[in-house]
Amino acid sequence: MIYLQLFFSFLQIGLFSFGGGYAAMPLIQNQIVDLHGWLTMSEFTDLITISQMTPGPIAVNSATFVGIKIAGLPGALVATAGCILPSCLIVTLLAKLYLRYRDMKMMQDVLRFLRPAVIAMIASAGVSILVTAFWGEEAEILFSRTDWGMAAIFIICFFLLKKMKMNPIAVMLLAGVMKVGTALAGK
């Protein structure tokens, strides 16, 4: 039964995650945190971090991670298959359609219509992760409960990425070093 739940949960994620990995984060969160309780919000934030650091799409990495945690290697295979199956089928169909109808105004209108929805999904996921990082899993935003160390790391990383145009991998490594440094300083 757990294999069917994993398969169908990640099938939904794979089927409805238009816009790629970041747009899939709210769908992944809804399935694995809210509906099934397979991970806590804190574990979900860790999952997104791990998925970002490993090669491959966020949704596929998430499916593999959650599958292993819930049902071992068979669970990982089932969840990953559920996640990639819709993409394989849809991309094959869309490639044929796009090549045939790419110059149609209606096709361009549909693509233009999807952009705001994708941006909203990405923003929603980002805000959820930010709230969890700064204020914990309860997501009660109180000034007194703010994790100022995490806020400082976020601001520094944002500055390095946007203003200094630093390599994202170097920024991730630096953020890890800063977090370890703040953890050691707190002891």
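Hi everyone, let me start with a packing detail: the cover over the buried residues of helix 7 includes helix 6. Please keep in mind that this is a predicted model.

So which residues of helix 7 are buried? They are V171, A175 and M178. These three cover an arc of only 65° around the axis, which puts them on the same side of helix 7. Turn to the other side of helix 7 and you find I169, L173, V177 and L184, which are exposed. If you have the structure open, try colouring these two groups differently.

How far should helix 7 span, at 1.5 Å a residue? For its 19 residues the answer is 27 Å, and the end C-alpha atoms are 27 Å apart, which agrees.

Let's step back to the whole chain for a moment. The protein chain has seven helices and zero strands, and from the N terminus on its elements run α-α-α-α-α-α-α. Taken along the principal axes, the C-alpha atoms fill a box of roughly 60 × 45 × 30 Å. Of the 187 residues in the chain, 28% are buried. Then there are the contacts: among those with a separation of 6 or more, 54% are between residues 24 or more positions apart.

Now to the beginning of the chain, and helix 1. This helix covers residues 2-16, so to speak its 15 residues, and reaches 21 Å from its first C-alpha to its last, close to the 21 Å expected at 1.5 Å a residue. The buried residues here are L6, S9, F10, I13 and G14. They cover an arc of only 135° around the axis, which puts them on the same side of helix 1.

One residue of helix 1 to look at is L11. What does L11 touch, once we leave aside its neighbours within four places in sequence? It is in contact with G82, C83, L85 and P86. There is also a pair to find on your screens: L11 and A63 are 52 residues apart in sequence, and their C-alpha atoms are 9.8 Å apart in space.

Next stop, helix 2, where we find Q29. Is Q29 buried or exposed? Its relative accessible area is 14%, and the cut-off for buried is under 20%, so Q29 counts as buried. Leaving aside neighbours within four places in sequence, Q29 is in contact with D34, M41, F44 and S128.

Last topic: the largest pocket. Its volume is about 1,600 Å³. How many residues line the largest pocket? There are 37, and T49, Q52, I129, F154 and M172 are the ones nearest its centre. The elements that give two or more residues to this lining are helix 2 (21-35), helix 3 (41-53), helix 5 (105-135), helix 6 (148-162) and helix 7 (168-186). Which helix gives the most to the lining? That is helix 5, with ten residues. By class, the lining has 25 nonpolar, eight polar and four charged residues.

To pull two threads together: helix 6 is part of what covers the buried residues of helix 7, and both of these helices give two or more residues to the lining of the largest pocket. Thanks for listening, and have a look around the model yourselves!

Conventions
Residues are numbered from 1 along each chain as its sequence is written. This is a predicted model: local features need pLDDT of at least 70, side-chain atom pairs count only at pLDDT 80 or more; totals for chains, interfaces and linings use all residues. Side-chain values use heavy atoms; hydrogens and water are left out. Helices (H or I, at least four residues) and strands (E, at least two) are DSSP runs, numbered from the N terminus. The expected span of a helix is 1.5 Å times one less than its number of residues. Buried means under 20% relative accessible area, exposed over 50%, partly exposed in between (1.4 Å probe, protein chains only). The arc is that of the directions from the helix axis to the C-beta atoms. On a 1 Å grid over the protein atoms alone, a cavity is a set of points where a 1.4 Å probe fits but cannot get out, and a pocket is an open set with protein on both sides within 12 Å along at least five of seven lines; lining residues have an atom within 4 Å of a point. Grid points are joined across faces, edges and corners, and a volume is the space filled by probe spheres set on the points. Ala, Val, Leu, Ile, Met, Phe, Trp, Tyr, Cys and Pro count as nonpolar, Asp, Glu, Lys and Arg as charged, and the others, Gly among them, as polar. Contact means heavy atoms within 4.5 Å.
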